[in-house]
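Q: I have a sequence and a model in front of me. Please show me how to read them.

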Amino acid sequence: MCNLPPAGCVLVTGCPVPGVNCGRPPSSHERRPPELSLFGTVAVISAVLASATIWLLITDPVTVADAVETGQVSPLVQALAGVLYDAFKGILRYL
């Protein structure tokens, strides 16, 4: 919020200062857009898949090498699903 009276929150040109609401309730365009939560969800899912892929590359390099060499994705996806399932099961064990 602006610490100045409402008249002090206006620039010399008469335009309101961007990002300052001068004591008004926020309008709909000043609120946080819902796309940020979608972006956060996509970022978390991408981070989980990337970490699972790195874990699989370290713990089971033969499966990854075979999948890369043959071009078949299904063994890699099955191994990734197994790694994610084991991690989820381990997390649930602590809860």
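A: Start with one residue: Leu56 lies in helix α1, which covers residues 35-59. Keep in mind that this is a predicted model.

Q: Is Leu56 buried or exposed, and what is its relative accessibility?

A: A residue is called buried when its relative accessible area is under 20%. Leu56 has 2% relative accessibility, so Leu56 counts as buried.

Q: Which residues does Leu56 touch, apart from those up to four places away in sequence?

A: Leu56 touches Pro61, Val64, Leu76, Ala79, Leu80 and Val83. Take Leu80 from that list: Leu56 and Leu80 are 24 residues apart along the chain, and 6.9 Å separates their C-alpha atoms.

Q: How many helices and strands does the chain have?

A: The chain has 3 helices and 0 strands. Along the sequence the pattern reads α-α-α.

Q: How do I read the sides of a helix?

A: An α-helix has 3.6 residues a turn, so residues three or four places apart point the same way. Now apply that to helix α2, residues 61-70, where the buried residues are Thr63, Val64 and Ala67. These residues lie on the same side of α2 because they cover an arc of only 100° around the axis. Val62, Glu69 and Thr70 are exposed on the other side of α2.

Q: What follows α2?

A: Gly71 follows α2, and the phi of Gly71 is positive, near 85°.

Q: Which contacts does Thr63 make, leaving aside neighbours within four places in sequence?

A: Thr63 is in contact with Pro75 and Ala79. Ala79 is also among the residues that Leu56 touches. Closer in sequence, the side chain of Thr63 makes a polar contact with the side chain of Asp60, at 2.6 Å.

Q: Why does Thr63 count as buried?

A: The cut-off is under 20% relative accessible area. Thr63 has a relative accessible area of 19%, so Thr63 is buried.

Q: What percentage of the residues in the chain is buried?

A: Of the 95 residues in the chain, 13% are buried. The chain exposes about 7700 Å², and carbon and sulfur atoms supply 70% of that area.

Q: Which residues form a nonpolar patch on the surface?

A: The patch is formed by Phe88, Ile91, Leu92 and Leu95, which together have about 470 Å² of accessible area. To find the patch in the model, look for Phe88 in helix α3, residues 74-94.

Conventions:
Residues numbered from 1 in each chain as written. Predicted model: local features only at pLDDT ≥ 70, side-chain atom pairs only at ≥ 80, totals over all residues. Heavy atoms only, no water. Patch = residues over 30% accessible without salt bridge, like charges linked within 9 Å, V, L, I, M, F, W, Y side chains within 5 Å. Areas by Shrake-Rupley, 256 points an atom, 1.4 Å probe, with all protein chains shown as cover. Salt bridge = Lys/Arg side-chain N within 4 Å of Asp/Glu carboxyl O. Helix = DSSP H or I, 4+ residues; strand = E, 2+ residues; numbered from the N terminus. Buried < 20%, exposed > 50% of the residue type's maximum accessible area, 1.4 Å probe, protein only. Arc of directions from axis to C-beta. Polar contact = N/O pair within 3.5 Å; in protein donor to acceptor, adjacent residues only side chain to side chain. Contact = heavy atoms within 4.5 Å.
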